[in-house]
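Visitor: I am new to this structure and would like to be led through it step by step. Could you show it to me before we begin?

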Amino acid sequence: MDLRELNQTVTGDIAQYTPPSNYELAGRTFRFAMDDGLRYELSFTGKDELAWNFAGDEPVTSKYLCCKADETTYLVSYELGGAPRSNHTWVIDLENWLVTRIAAKVGENPAYPYLITPRYEFGAIEREGVEIQPHPRHSFTTDLMGNIIQWTYGGEMATVHVYYHSDWYRITYPPDKKGSMMFNEAMAKIPSSDEPARFIKIKDGIYLVSITEQNMEKLIGAAMHVRSNTMCFIQNYKRVYQVGRAFGTATWDDVDSPLHILFAAYGRLLEPSEQEEYIRNLLTDPNPYTV
């Protein structure tokens, strides 16, 4: 028997290696003191439901997604409800009692209604009897610059990430993966794959990488099928493994569908000897989207 036949329903799927949703936070309540002065409360009322609110406001119920990058670092993502669609994603670091928030909203740009521009904020988790201090915090970093990593999401889906600048990243797709063909064809229609990115250090060996497909959306729109999705990855370089979430819109046959999923991937740092010329040049090629 060819065992690959049993895997046809998930071959090439970005979610193939995604672990089951994590329910460890169910029953717990957290209060976050953010550096922008806002206070949030998250109460995990069930395995997939939470109540959230700004301090002093009435709680709002949402379904949530949750996964872990290590024993004490959680990624929690939920939609706020209503229109336009909005998302809050939290990195909850219970080793250092710190938190990072990514806020994303679809439809803020009237010229490009699918476009998303994430916003970032750092803070601390309140604890009984412990005074909130203004430092330390998770922080933007250049630690990952100069690295090229192949992330494998499934049997036929892999990407190569090129981290060459603190505000940008590049991507290409291994040509030997069937799931890459559509993406490589779409990428050929634009000047380059450069997209805005932010790199945040959570703690030793753990980083949050956030990328948003803005240039691709402006130039080719629905041809890529995913529309200005914002993707967050918590990357664990002690295991070279990442978990993440995508938030945005998918368009197939002129029909829009909301996208909000978890995914995971196993990584491999590409040594210079492994970097084919077209990959290696991505560390130094100029960015055509900037002057």
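Guide: Before we turn to the hairpin, a term is needed: strands are DSSP runs of E with at least two residues, numbered from the N terminus, and two of them pair if DSSP finds at least two bridges between them. Please keep in mind throughout that this is a predicted model.

Visitor: How many residues does the hairpin that joins β2 to β3 pass through?
Guide: Strand β2 covers residues 39–44 and strand β3 covers residues 49–54, and the two run antiparallel with five bridges between them. One of the bridge pairs sets S43 against A51 in β3. The hairpin that joins β2 to β3 does so through a number of residues that comes to four.

Visitor: In the hairpin of β3 and β4, which residue takes a positive phi?
Guide: Strand β3 is also joined to strand β4, residues 60–70, by four bridges, and these strands run antiparallel. Between the strands of this hairpin there are five residues, and the one with a positive phi, near 95°, is G56.

Visitor: Which residue in β4 stands opposite E49, and meets its side chain in a salt bridge?
Guide: Side chains of opposite charge can pair when their charged atoms come close. The side chain of E49, which is partly exposed with a relative accessible area of 30%, takes part in a salt bridge with an N to O distance of 4.0 Å. Because E49 lies in strand β3 and its partner in strand β4, the pair ties together parts that are 14 residues apart in sequence. The partner, which counts as exposed at 53% relative accessibility, stands opposite E49 in β4 and is K63.

Visitor: How many residues apart are E126 and R39, the pair that links distant parts of the chain?
Guide: The side chains of E126 and R39 meet in a salt bridge at 3.6 Å, N to O. E126 is partly exposed, with a relative accessible area of 33%, and R39 likewise counts as partly exposed, at 36% relative accessibility. Since E126 sits in the loop between β8 (119–125) and β9 (139–140), while R39 belongs to strand β2, the separation in residues is 87.

Visitor: How many salt bridges does a search of the whole structure find?
Guide: Another of these pairs is formed by the side chains of D167 and R198, at 3.8 Å, N to O, with D167 in the loop between β11 (157–165) and β12 (168–172) and R198 in strand β13. Salt bridges that share partners also join D70, D93, E95 and K203 into one network. Over the whole structure, the search finds a number of salt bridges equal to 17.

Visitor: How many disulfides does the count come to?
Guide: A disulfide would need two cysteine sulfur atoms within 2.5 Å. The nearest cysteine sulfur to that of C66 belongs to C67 and is 6.4 Å away, so C66 is in no disulfide. For C232, the closest cysteine sulfur, also in C67, is 10 Å away, which is too far for a bond. By this rule the count of disulfides comes to zero.

Visitor: Is S192 buried or exposed?
Guide: S192 has its place in the loop between α1 (181–187) and β13 (195–203). Leaving aside neighbours within four places in sequence, S192 is in contact with P288 and Y289. Buried means a relative accessible area under 20%, and because the value for S192 is 17%, this residue is buried.

How values were computed
Residues numbered from 1 in each chain as written. Predicted model: local features only at pLDDT ≥ 70, side-chain atom pairs only at ≥ 80, totals over all residues. Heavy atoms only, no water. Buried < 20%, exposed > 50% of the residue type's maximum accessible area, 1.4 Å probe, protein only. Contact = heavy atoms within 4.5 Å.
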